[in-house]
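Me: I have this model open on my screen and would like a close look at one helix in the middle of it. Could you walk me through that part, and then through what lies around it?

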Amino acid sequence: MRELSRLERLIAGVAARDPIRVNDPGRPEAAVALLLLADPDRILLIRRADRESDPWSGQLALPGGRRDPEDSDLLATAIRETREETGLELQREWHVATLDDLAPRSSVLPPILVRPFVFRLETELVPQVSDEVAQVGWVSLDFLSGPGVFRTASINIRGADREVEGYHLPEGFLWGMTERIVTPVLQRWQLLGADGKEG
């Protein structure tokens with residue numbers, strides 16, 4: 001029997017965990033897509049375009065957005081938003097895991113409820129920028145989980161300086177809700193080690 005790759009073990013571990021669900025009908029729903037690709041093992045990140053109407057304007061993020069009434073479910077939302085923002089046509093069968101529901105911790109952000117969906121891509125698809133996205137590309141999981149990448153930074157939020165944790169990347173600083181989605185996945189990735197076995 002073929003031994004599972006490190007990425008396959010990561011996906012199996014993430015998929016085996018029951019995600020936390022939040023039932024709050026008063027909150028608008030949204031979904032994001034965490035796309036994984038092998039050889040080299042990497043994740044897709046976007047940098048949102050600078051727009052006054054977007055509370056996450058200019059930030060590094062995962063593709064995604066609010067659910068439309070036409071979306072059959074939140075998985076459909078993640079697929080549609082990924083297509084609109086990056087041009088990538090995801091298939092439902094590529095969905096391999098669902099992560100915990102999350103809500104913004106800051107009172108200055110919209111009170112949305114976000115559900116992250118994990119997709120495994122078998123072949124590399126070339127993403128494109130859109131009106132909503134200024135930059136998009138694949139980032140190595142090894143780089144993201146490397147020494148010194150995750151650390152604090154001082155950022156200005158609504159005129160006040162705050163110390164927050166996140167990932168310092170050449171493309172910018174990855175923090176906030178996206179950091180809360182990505183970090184548990186990267187922690188599991190680190191535990192698996194380079195040999196694919198939990199250390």
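**A helix enclosed by strands**

Reply: Happy to. In this predicted model, helix α2 is largely enclosed by the rest of the structure, because 11 of its 13 residues are buried. Those buried positions are Leu 74, Leu 75, Ala 76, Thr 77, Ala 78, Ile 79, Arg 80, Glu 81, Thr 82, Glu 85 and Thr 86. You will notice that the list includes Arg 80, Glu 81 and Glu 85 along with Leu 74, Leu 75 and Ile 79.

Let us follow the helix from one end to the other. Helix α2 runs over residues 74-86. From its first C-alpha to its last it reaches 18 Å, close to the 18 Å expected at 1.5 Å a residue. At its start, Asp 73 places a side-chain oxygen within 3.3 Å of the backbone nitrogen of Leu 75. Just after the other end comes Gly 87, with a positive phi of about 80°.

What covers the buried residues? Strands feature in the answer: the cover of α2 includes β1 (29-37), β2 (42-48), β4 (64-66), β5 (95-98), β6 (113-121) and β7 (133-140).

Glu 85 gives a good view of that cover from inside the helix. This residue of α2 counts as buried because its relative accessibility is 0%, and buried here means under 20%. Its side chain reaches the backbone nitrogen of Gly 64 at 3.0 Å. Setting aside residues up to four places away in sequence, Glu 85 touches Ile 46, Arg 48, Pro 63, Gly 64, Gln 128, Val 129, Ser 130, Glu 132 and Val 133. If you display just one side chain of the helix, Glu 85 with its contact to Gly 64 makes a nice starting point.

Now step out to the strands themselves. One of those that cover α2 is β7, and Trp 138 has its place there. Is Trp 138 buried or exposed? With a relative accessible area of 17%, Trp 138 falls under the 20% cut-off, so it is buried. Not counting residues up to four places away in sequence, its contacts are Leu 35, Leu 36, Leu 37, Arg 42, Ile 43, Leu 44, Leu 121, Glu 124, Leu 125 and Pro 127. Ile 43 from that list is 95 residues away in sequence, yet the two C-alpha atoms are 5.4 Å apart in space. With Leu 125, Trp 138 also has a polar link: the backbone oxygen of Leu 125 lies 3.4 Å from a polar atom of the Trp 138 side chain.

Strands β1 and β2, both part of the cover of α2, have a loop between them that deserves a stop. Asp 39 is found in this loop, and so is Pro 40. The peptide bond that joins Asp 39 to Pro 40 is cis, with omega near 0°. Phi of Asp 39 is near 55°, a positive value in a residue other than glycine. Most residues other than glycine have a negative phi, and most peptide bonds are trans. Asp 39 is also exposed, since its relative accessible area is 72%.

Finally, here is another pair of helices to look at. Helix α1 (residues 6-16) and helix α4 (residues 176-192) bring their axes within 10 Å and cross at roughly 130°. That angle makes α1 oblique to α4. From α1, the contact uses Arg 6, Leu 7, Arg 9, Leu 10, Gly 13 and Val 14, while α4 supplies Val 185, Arg 188, Trp 189, Gln 190 and Leu 192. The crossing is right-handed.

Leu 10 of α1 is one of the contact residues, and it counts as buried because its relative accessibility is 0%. Apart from its neighbours within four places in sequence, Leu 10 is in contact with Leu 36, Leu 141, Val 185, Arg 188, Trp 189 and Leu 192. Leu 10 and Leu 191 are 181 residues apart in sequence, with their C-alpha atoms 9.4 Å apart.

Over in α4, Thr 183 is buried too, at 11% relative accessibility. Its side chain makes a polar contact of 2.7 Å with that of Tyr 167 and a polar contact with the side chain of Glu 179, at 2.7 Å. Beyond its neighbours within four places in sequence, Thr 183 is in contact with Phe 150 and Tyr 167.

Methods. Residues are numbered from 1 along each chain as its sequence is written. This is a predicted model: local features need pLDDT of at least 70, side-chain atom pairs count only at pLDDT 80 or more; totals for chains, interfaces and linings use all residues. Side-chain values use heavy atoms; hydrogens and water are left out. Helices (H or I, at least four residues) and strands (E, at least two) are DSSP runs, numbered from the N terminus. The expected span of a helix is 1.5 Å times one less than its number of residues. Buried means under 20% relative accessible area, exposed over 50%, partly exposed in between (1.4 Å probe, protein chains only). Contact means heavy atoms within 4.5 Å. A polar contact is a pair of N or O atoms within 3.5 Å; within protein, one must be able to donate a hydrogen and the other to accept it, and residues adjacent in sequence count only if both atoms are side-chain atoms. Axes are lines fitted to C-alpha atoms, for helices over the stretch in contact, and angles run from 0 to 180 degrees between N-to-C directions. Angles under 35 degrees count as roughly parallel, over 145 as roughly antiparallel, 65 to 115 as roughly perpendicular and the rest as oblique. A crossing is left-handed if the near helix is turned anticlockwise from the far one by less than a right angle, and right-handed if clockwise.
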